[in-house]
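Hi everyone, thanks for coming. I'd like to walk you through a structure that is new to most of us, so let's bring it up on the screen.

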Amino acid sequence: MSQDFSRTDRVSQEIFRLLSNLLRRDVKDPRLQGLTLTECKVSKDLSVAKVYFTVMGCKEGDQAILDAKKALEKAKGFFRSELGKQLRLRITPDIRFHYDTVPDHVDHIEQLIKKALY
């Protein structure tokens with residue numbers, strides 16, 4: 001019987017789900033308004049979780065993104081503590097937040113495709 005998903009994929013999905021719920025329910029920081037988590041990748045040894053985010057209406061380098069990243073870094077201890085309580089892992093992963101630039105590139109690529117077609 002083959003596994004559909006590896007353990008790292010399952011842990012990534014669970015961390016993503018838990019962090020999304022924590023952001024929605026428990027975090028009241030106004031700097032995180034409009035913030036959306038886009039992806040979570042966990043290292044093979046489950047010690048590091050890279051969490052990618054975007055902020056609605058912002059492009060890379062905007063002050064709102066820098067403020068959101070600072071707010072996420074400030075709340076990192078809370079997030080890690082909650083993950084430790086809810087995940088049944090030997091080691092709670094270190095969370096590292098990164099701005100997801102993919103949406104910025106998607107807009108540019110769509111514009112190039114439209115330009116080429118018309």
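How much area does the protein expose, and what share of it do carbon and sulfur atoms supply? The protein exposes about 8100 Å², and carbon and sulfur atoms supply 53% of that area. Please keep in mind that this is a predicted model.

Let me start with the overall picture. The protein has 118 residues, and 35% of them are buried. Measuring along the principal axes would be the natural way to frame it, and there the C-alpha atoms fill a box of roughly 55 × 45 × 20 Å. On the charge side, there are 22 positive and 17 negative side chains. The centres of those two sets lie 5 Å apart.

Now to the elements. You can find three helices and three strands here, and starting at the N terminus they come in the order α-β-β-α-β-α. Contacts across the sequence matter for reading this picture: among those with a separation of 6 or more, 60% are between residues 24 or more positions apart.

Let's look at the strands. Strand 1 covers residues 35-42 and strand 2 covers residues 48-55. These two run antiparallel and are joined by seven bridges. If you'd like a place to anchor your eye, find Val42, which stands opposite Ala49 in strand 2.

Between strand 1 and strand 2 there is a hairpin with five residues between the strands. Leu46 lies in that loop, and its phi is near 65°, a positive value in a residue other than glycine. Is Leu46 buried or exposed? Leu46 counts as buried, because its relative accessibility is 9%.

Strand 2 has another partner. It pairs with strand 3 in the parallel sense, over six bridges. Here Val48 stands opposite Asp94 in strand 3. Strand 3 itself, residues 94-99, has two faces. The covered face has Ile95, Phe97 and Tyr99, while Asp94, Arg96 and His98 are on the uncovered one. Why do they take turns like that? In a regular strand the side chains alternate between the two faces of the sheet.

Next, a residue I'd like you to find in helix 1, which spans residues 7-25: Ile15. Its relative accessibility is 0%, so Ile15 counts as buried. Which residues does Ile15 touch, leaving out those up to four places away in sequence? They are Cys40, Val42, Ala49, Leu83, Leu87 and Pro93. For a sense of how the chain comes back on itself, take Ile15 and Gly84: they are 69 residues apart in sequence, and their C-alpha atoms are 10 Å apart in space.

One of those contacts, Cys40, deserves its own stop. Cys40 sits in strand 1, and it is buried, with a relative accessible area of 11%. Setting aside neighbours within four places in sequence, Cys40 is in contact with Ser12, Ile15, Phe16, Ala49, Lys50 and Val51. Cys40 and Leu19 are 21 residues apart in sequence, with 9.7 Å between their C-alpha atoms.

Cys58 is buried too, at 16% relative accessibility. How many disulfides does the protein have? With sulfur atoms needing to be within 2.5 Å of each other, the count comes to zero.

That's my tour. Thanks for listening, and I'm happy to go back to any part of it.

Note on methods. Residues are numbered from 1 along each chain as its sequence is written. This is a predicted model: local features need pLDDT of at least 70, side-chain atom pairs count only at pLDDT 80 or more; totals for chains, interfaces and linings use all residues. Side-chain values use heavy atoms; hydrogens and water are left out. Buried means under 20% relative accessible area, exposed over 50%, partly exposed in between (1.4 Å probe, protein chains only). Helices (H or I, at least four residues) and strands (E, at least two) are DSSP runs, numbered from the N terminus. Contact means heavy atoms within 4.5 Å. Accessible areas come from the Shrake-Rupley method with a 1.4 Å probe; for residues, only the protein chains shown count as cover. Lys and Arg count as positive and Asp and Glu as negative; His and the chain ends are not counted. The place of a charge is taken as NZ of Lys, CZ of Arg, CG of Asp or CD of Glu. Two strands pair if DSSP finds at least two bridges between them.
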